[in-house]
Amino acid sequence: MYKVLIVDDEQYIREGLKTLIPWENAGFLVCDAASNGIDAIEKHKTMLPHLMIIDIRMPGMNGLELIERIRKEDPNVHFLILSGYADFDNAKRAMTYTVDSYILKPVDQDELLDYLHRLRSVLDGEQENKREKMKIGLIQALHSGTVTPELVEHAIRHDLMLKTCQVLVIELSSEKKTAEKALYRMEELLKEHFEASGRGEVVPMGSYTGILLNEDIIREEDRKALYSELIQLLGSELDFCAAIGNPVHSLTDVVHSYQKCIDILAFRFFMPGEDLLYIAPDFPSSEQEVPLDLEEFSQTLLIALNVGDMEAAQKCIISMGDGMVQAGYREQDMKLGYAQIISTAINKLLLSLPTKHDVIQDARGRIVQLYQQQSRFDLNRFATRLLSDLNRQIKSSNGDTSLKQLIEFIQRNYHKNLKLESLADSFNYNNAYLGKIFKNYTGEPFRTYLDKVRMDRAKSLLEQGYKVYKVAELVGFPNVDYFHFKFRKYVGCSPSDYRKAHSLQ
């Protein structure tokens, strides 16, 4: 709403204008009224109205004198003169003071509303221009770390600085942050989502994008909810990381909060990505740094790979990551350390398994991907997957150990809700690949093999005299009708007939 100050020495005029005109429908709000020029000057200072409606003839200070005084202080306020026929010439002279227009008394409601609608379009354009200037000034302040008095005055006079706001800073991932198209797309999505709904102002800052939110995001659940909102908005197209500062109440605090967010983002590698980054990790000082024996970790990994103990390998990876943080390692140092430790372990493994050269060489080629991981948690996951894949391939090339283990697992757990997808994850296989090698090994698809195992067990139970519904339950078919269908398909008769036939023998 645009603010209006009415200035007229006659109370019935002031009250009539306030009550008879549907101001809000036109986008305006009467913030106050003044009965003379001196009162109007004081109220203008505190309220900074967008429009002043002024009676041209008032005792003491007339409307023209008042306009002249205020125009020196405020070049942006709009004036509308109320004039009687006798003051027509003075009303025309008021136009030299950049007065918008004049309306003759008595005020015609339709005429005033028509003026307000036209003025609203003008004010909308002015506000957009002022907001863009404000953003430019704010961007300069964020870059320099200094807020100029002119920027503060501009923000206050034009009501463009929120009384309370919270700084949110978003950074694209390293692969995308230099891509101009990706940055533009992110800013476009953020403006549509936050500015269009009036929730905040988007401030582009090179590879960063700041948002001044006019809402408090303090509680952990609120931060998680906002992060989920950002994921839904940007996650399908863009990889990003976001940090949020505390609520602030001045432009100076905005600059400080923004810089704090940038500092937090510098530590994004060490922080989980399932939330807005809020507090940077507390790294040990140089006096607290703990020495790290990389050779010891490499030897532990080598032993784990030789015996095929992936649980021990994963624990070693987590332990060496924690040790690097305690030793004061930063992102690139940590990635280099992982690469050195894993390379050393794999090279020594090749000496003991020279016949597995191709498999091990493939794993060595993947080590470079360690440097592409976006967080230490991604680094751990990738390193674990790399070594698990290597272990599986070594086992696979040594024979059919994994498939034999899988067959034994099915034989023991046929009554459970077994799915190839879950088993693939458990045995560190790709789903489609496991299905293919399983069929090659058994001669049958996974589902057919499982059905036949269940049917063999079902026949044994029926021969022992178990009731059909109980057999169905024991072999993993909660639906008796479906059990009937499967039994007839594989055995050639119904479970009841099979039970009767074998109970007579």
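# Exercises on a predicted model

By class, 7 nonpolar residues, 1 polar residue and no charged residues line the second largest cavity. The structure in these exercises is a predicted model.

**Exercise 1.** Determine which residues line the second largest cavity, and which element gives the largest share of that lining.

*Solution.*
Step 1. The structure has 2 cavities of 30 Å³ or more, and the second largest cavity holds about 40 Å³ of space.
Step 2. The lining of this second largest cavity consists of L142, V167, V203, G210, I211, L212, V254 and Y258.
Step 3. Two elements, β8 (208-213) and α10 (251-265), each give two or more residues to this lining.
Step 4. The largest share, 3 residues, belongs to β8.
Step 5. Gly counts as polar, and G210 is among the lining residues.

**Exercise 2.** Establish whether K486 and D451 are buried or exposed, and state which helices their salt bridge ties together.

*Solution.*
Step 1. As a general principle, side chains of opposite charge can pair when their charged atoms come close.
Step 2. K486 and D451 form a salt bridge, with an N to O distance of 2.8 Å.
Step 3. K486 belongs to helix α21 (residues 480-491) and D451 to helix α19 (residues 446-463), so the pair joins parts that are 35 residues apart in sequence.
Step 4. Buried means under 20% relative accessible area. K486 has 7% and is therefore buried; D451, at 2%, is buried as well.

**Exercise 3.** Describe the salt bridge between E473 and K470, and classify both residues by accessibility.

*Solution.*
Step 1. The closest N and O atoms of E473 and K470 are 3.9 Å apart.
Step 2. Both residues lie in helix α20 (residues 468-474), with a separation of 3 residues, about one turn of the helix.
Step 3. Partly exposed residues fall between the limits of 20% and 50%. E473 has a relative accessible area of 49%, so E473 is partly exposed; K470, with 32%, is also partly exposed.
Step 4. In the whole structure, 26 salt bridges are found, and D8, E10, D55 and K105 are linked in a network of such bridges.

**Exercise 4.** Identify which residues form a nonpolar patch on the surface together with L336, and locate L336.

*Solution.*
Step 1. The patch consists of L336, V368 and Y371, which together have about 250 Å² of accessible area.
Step 2. L336 is part of helix α13 (residues 331-352).
Step 3. The relative accessible area of L336 is 39%, so L336 is partly exposed.

Key: Residues are numbered from 1 along each chain as its sequence is written. This is a predicted model: local features need pLDDT of at least 70, side-chain atom pairs count only at pLDDT 80 or more; totals for chains, interfaces and linings use all residues. Side-chain values use heavy atoms; hydrogens and water are left out. Patches are made of residues with over 30% relative accessible area and no salt bridge: like charges are joined within 9 Å, nonpolar side chains (Val, Leu, Ile, Met, Phe, Trp, Tyr) within 5 Å. Accessible areas come from the Shrake-Rupley method with a 1.4 Å probe; for residues, only the protein chains shown count as cover. A salt bridge is a side-chain nitrogen of Lys or Arg within 4 Å of a carboxyl oxygen of Asp or Glu. Helices (H or I, at least four residues) and strands (E, at least two) are DSSP runs, numbered from the N terminus. Buried means under 20% relative accessible area, exposed over 50%, partly exposed in between (1.4 Å probe, protein chains only). On a 1 Å grid over the protein atoms alone, a cavity is a set of points where a 1.4 Å probe fits but cannot get out, and a pocket is an open set with protein on both sides within 12 Å along at least five of seven lines; lining residues have an atom within 4 Å of a point. Grid points are joined across faces, edges and corners, and a volume is the space filled by probe spheres set on the points.
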